[in-house]
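Let's take a walk through this model together, from the whole chain down to single backbone angles. Have the viewer open and follow along.

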Amino acid sequence: MIKKIIFFLSIMQLCVFTTAHAIHFYGKQICQQSGFSCLRIKGNQNWRSLFPDTHDRGIVMRINRMNTSLYPGLTIAVPDDLDNADIMDFSPFPQNISSTGEKTIVFDPNELAWGAYDADGTLLRWGPASGGADYCRDIDDACQTHEGTFRIYSVGSSDCYSKKFPLPDGGAPMPYCMYFVNGQAFHGEPRGLPGFNASHGCVRMYVNDAEWLRYSFVEGPYSGNQFRGTKVIVNAYTGIDDEQ
C-alpha cells in the first residue's frame, strides 16, 4: 500500500498538477498494434521482475516511453519478438529523410519521442520524451510544447535547473538543458518519464539521452555556425484517442 501511495505521489509531482484531463499512456495506445502484446500489471510486478534481462527491460521501457515505477492496473506494450529486438526497429521516425545539409532534432509530442538526424538525413538516435501537457493547473494556462521550427540558442551542463518551476522559486533539475524557444528546452529528467506528456512545455528525456544529445550532437550558436544553433522541429499535437 505504501509503495502505491509513493507511486501516485510521484506521478503528481511529475505532472506538477499539469494535467486536468484523462492521462493518455503511450503503452496502452500501441499495444494492440500488430507485433505487440498488451500486458496488464498485477500485484507487486515491476520492471526488473518482469524483464530480468537488461536489454529486454531497456527495450520495453523505451517502447512504453516510461521509466517510472509500474503499478497494478497499468497496461504496457511488449514486442512479440523481444529476444531479437533492436531499439532502432521501433523508431517512430523514418530511418532517412531528405537531406537538409544540417543536423536536425525532431520532437513528436504524439509519439512521445525525439529523433536526431545528421546532415545527410540519417537517423542517428531516438528516444522517449515527455512534452508539455495540455493544461497546467499551477499556471492556469495551456502548456504544450510550441510547435514549429527553431534553433538551439542556449545550452547548459549537468547542473542546469529551472529558474521558474516549481512555483514560486524554481529549482527543478534540468540536466543537460538545451533551450530552443521561449524558455522551453530539451533536458534530462532525473525523476523519470511517465509515459505521457506532463511538463510545462520542456521536452523531458532520459538523462543519458540528454547527455548524448548535449555533448555528441547539439551545437549552440557560435561564429563557426553563423550563430545558428542546431535546428529543432516540433511537430503539432494531434491528440490521442485511447485513454488509460
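We begin with the overall picture and then turn to the surface and the backbone.

Please keep in mind that this is a predicted model. The chain is built from five helices and 13 strands. Of its 244 residues, 48% count as buried. How are the contacts spread along the sequence? Taking the contacts with a separation of 6 or more, 65% are between residues 24 or more positions apart. As for the outside, the accessible surface of the chain is about 11,800 Å², and carbon and sulfur atoms own 50% of that.

Now let's look at charge on the surface. Which residues form a negative patch? Color the acidic side chains and pick out Asp53, Asp80, Asp81 and Asp83, which together make up a negative surface patch. One of them, Asp80, sits in the loop that links β2 (75-79) and β3 (104-108). Asp80 has a relative accessible area of 52%, so it counts as exposed, because the cut-off for that label is over 50%.

Next comes the backbone, where a little background helps. Most peptide bonds are trans, and most residues other than glycine have a negative phi. With that in mind, where does this chain depart from the usual pattern?

Start with the peptide bonds. Phe165 and Pro166 are joined by a cis peptide bond, with omega at about -5°. A little further along, the bond from Leu167 to Pro168 is cis too, and its omega is near 5°. On the secondary-structure map, Pro166 belongs to the loop between β9 (154-155) and β10 (178-181). Pro168 is found in the loop between β9 and β10 as well.

Then turn to phi. Leu112 is a residue other than glycine, yet its phi is positive, near 50°. You will find Leu112 in the loop between β3 and β4 (113-117). Is Leu112 buried or exposed? Its relative accessible area is 2%, so Leu112 is buried, since the label applies under 20%.

Asn182 gives us another positive phi in a residue that is not a glycine, this time about 45°. Asn182 lies in the loop between β10 and β11 (184-188). With a relative accessible area of 64%, Asn182 is exposed. Viewed side by side, then, these two positive-phi residues sit in opposite settings: Leu112 is buried, whereas Asn182 is exposed.

Definitions and conventions: Residues numbered from 1 in each chain as written. Predicted model: local features only at pLDDT ≥ 70, side-chain atom pairs only at ≥ 80, totals over all residues. Heavy atoms only, no water. Patch = residues over 30% accessible without salt bridge, like charges linked within 9 Å, V, L, I, M, F, W, Y side chains within 5 Å. Areas by Shrake-Rupley, 256 points an atom, 1.4 Å probe, with all protein chains shown as cover. Salt bridge = Lys/Arg side-chain N within 4 Å of Asp/Glu carboxyl O. Lys, Arg positive; Asp, Glu negative; His and termini not counted. Charge placed at Lys NZ, Arg CZ, Asp CG, Glu CD. Helix = DSSP H or I, 4+ residues; strand = E, 2+ residues; numbered from the N terminus. Buried < 20%, exposed > 50% of the residue type's maximum accessible area, 1.4 Å probe, protein only. Contact = heavy atoms within 4.5 Å.
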